[in-house]
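Subject: Structure for you to look at, with notes

Dear colleague,

Please find below the structure I promised to pass on, followed by my notes on it. I would be glad if you could read them with the model open beside you.

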Amino acid sequence: MRRRLLALVCVSASLLSGCGLVSQDGGTERRTVTVWLMKDSASQEFLRRFTEDFERAHPGLDLDIRIQQWTGIGEKVQTALEADGGDGPDVIEVGNTQVPQYAEGGRLLDLTLESMRDWGIRDWLPGLAEPGQWMSQQFGIPWYAANRVVIYRKDLFRQAGITEPPRTRDGWLDATERLDSGGNQGIYLAGQDWYTLSGFIWDEGGDLAKQSGGVWSGALHSEAALRGMDFYRRLQALGDGPVDADEEHPPQAGVFAQEDVAQIVAVPGLAQAIVRQNPELKGELGFFPVPGKSADKPGAVFTGGSDLVVPKNTDDREGALAVVEALTGAEWNTELARTMNYVPNKKSLAKAVADEEGVAAMAAGAAQGRATPGTPRWGAVEADNPIKEYMTRVLSGADARSEARRASDRITELLDLDAR
């Protein structure tokens, strides 16, 4: 954002009160805050209403919201963070797991104080808040979340005599076994759906990778992680999901729409694509959170979504913080969740989406949400993805313990620069 030439500058007390900057003709000089948001994160109508409300509440500020494409955004953000001048963005929406790679170079504002003092850090969804940290400091401020739930066919549940969705993992296995009969698949679960596997591993107390002494290493070979993989193996066997492909090959929405599949694990929005391909399923799709080990809370799930960050090279810190505070505050955050069928950024706001079955199931799971390991090098792991190969080998009958060790060693190589 480029600041106009000023004749006078507000004193500190005036800035704290939100004044504009004084121009040469004695009027109030408006400042422009540039915000980068990603395509389809918010509707144009939402952004119009938010802009009008924000500018009315902050008479010295104008908003310049610029919509970005996800393709190539990493390089574009890095370039903006490294720029010297004040022509770049003041606020940027980033994927929640991307925050460490941008924070590592010291080019984001540390927002720990504001998070603790003003923005309710203790109530944030952990799957958004935790990846927004780097070196124990908060750089990413949770905006919205989305995560997987179980989408199921109510008619097939009725036929199997199942009157309510299962609430425990053991109950889920039992129900799925009953559903897996008479030509029906109890569940369609692709063999390389590593996001779903991650939740089972976290439920058992394991992780994909661990950090010790500042060094990251793979952790798939831990006893806890092996228990998570064993549960995945037992569940996946109650359907015909391919062991050597992920949930997009073929797209599971099409499989669910065209075959007699009782359940899939997916974001609730996928139900719309299913009904478009098979209108006869309208009104027959239900949702429930991925079950946990006990009935008192849902299972852990990978939480996707976005955080907001402020570049260190912004020349309007106060304006940028005002935008972040407004977008992530209760009023506009719940409005975004209702408009876009997202999960709000705070557990206490889940009631705002309680009247929509799919989103309510998603919000219940989000309270147990997690994210991938908080290292800026995790992208290299996903690009190579030894987790997928590990899953295929185990589901094809290979020894889980030795294959887990192999995959952990590869993750360690990818995360530890000294091991390359």
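In this predicted model, the buried residues of helix 8, which covers residues 169-179, are Arg169, Trp172, Leu173, Ala175, Thr176 and Leu179. These buried residues pack against three helices and three strands, namely helix 7 (154-159), helix 9 (194-203), helix 10, strand 9 (149-153), strand 12 (263-266) and strand 13 (285-288).

Helix 13, residues 317-328, is likewise mostly covered, with 9 of its 12 residues buried. Those buried residues are Gly319, Ala320, Leu321, Ala322, Val323, Val324, Ala326, Leu327 and Thr328. As a check on its geometry, a rise of 1.5 Å a residue means that the 12 residues of helix 13 should span 16 Å, and the C-alpha atoms at its ends are indeed 16 Å apart, so the two values agree.

Which residues touch the most other members of the largest nonpolar core? Of the 59 residues in that core, they are Phe46, Phe50, Phe54, Trp143, Ile264, Ile274 and Val323. Helix 13 gives the most to this core, contributing 7 residues. Val323 touches Val33, Val35, Phe50, Phe54, Leu63 and Val91, when residues up to four places away in sequence are not counted. Apart from this core lies another one, of 48 residues, and among them are Tyr152, Leu156, Leu189 and Tyr195.

The pairing of helix 17 (residues 386-395) with helix 18 (residues 400-415) may also interest you. Two packed helices are described by the angle between their axes and by the distance between the axes. For helix 17 and helix 18 the angle is about 175° and the axes are 9 Å apart. Since an angle over 145 degrees counts as roughly antiparallel, the two helices are therefore roughly antiparallel to each other. On the helix 17 side, the residues in the contact are Pro386, Ile387, Tyr390, Arg393 and Val394, and they meet Ala400, Glu403, Ala404, Arg406, Ala407, Arg410, Ile411 and Leu414 in helix 18. By class, this contact has 9 nonpolar and 4 charged residues, and no polar ones.

I also looked at several single positions, beginning with Ala129, which is found in helix 6 (residues 126-129). Ala129 counts as buried because its relative accessibility is 7%, where the limit for buried is under 20%. Leaving aside neighbours within four places in sequence, Ala129 is in contact with Trp124, Gln138 and Pro142. Ala129 and Lys312 are 183 residues apart along the chain, and their C-alpha atoms are separated by 20 Å.

Thr112, which lies in helix 5 (residues 112-117), has a relative accessibility of 18% and so counts as buried too. With neighbours within four places in sequence again left aside, Thr112 is in contact with Gln137 and Gln138. Gln138 is thus listed among the contacts of Ala129 and among those of Thr112.

Is Arg107 buried or partly exposed? Arg107, placed in the loop between helix 4 (99-103) and helix 5, counts as partly exposed, because its relative accessibility is 32%. Not counting residues up to four places away in sequence, Arg107 touches Leu81, Glu82, Tyr102, Pro311 and Lys312. Of these, Glu82 is 25 residues from Arg107 in sequence and 7.3 Å from it in space, C-alpha to C-alpha.

Finally, there are some points of backbone geometry that you may wish to look at on screen. The peptide bond from His249 to Pro250 is cis, with omega near 0°, and Pro250 has its place in the loop between helix 10 (223-236) and helix 11 (252-258). Ser136, a residue other than glycine, has a positive phi, near 65°; Ser136 lies in the loop between strand 6 (133-134) and strand 7 (137-138), and at 70% relative accessibility Ser136 counts as exposed. Asn341 also has a positive phi in a residue other than glycine, here near 60°. Asn341 is found in the loop between helix 14 (330-340) and helix 15 (357-366), and with a relative accessible area of 36% Asn341 is partly exposed.

With best wishes

Notes:
Residues numbered from 1 in each chain as written. Predicted model: local features only at pLDDT ≥ 70, side-chain atom pairs only at ≥ 80, totals over all residues. Heavy atoms only, no water. Helix = DSSP H or I, 4+ residues; strand = E, 2+ residues; numbered from the N terminus. Expected span 1.5 Å × (residues − 1). Buried < 20%, exposed > 50% of the residue type's maximum accessible area, 1.4 Å probe, protein only. Axes fitted to C-alpha atoms, helices over the stretch in contact; angles between N-to-C directions. Parallel < 35°, antiparallel > 145°, perpendicular 65-115°, else oblique. Contact = heavy atoms within 4.5 Å. Nonpolar A, V, L, I, M, F, W, Y, C, P; charged D, E, K, R; others polar. Core = buried A, V, L, I, M, F, W, Y, C linked by side-chain atoms within 4.5 Å.
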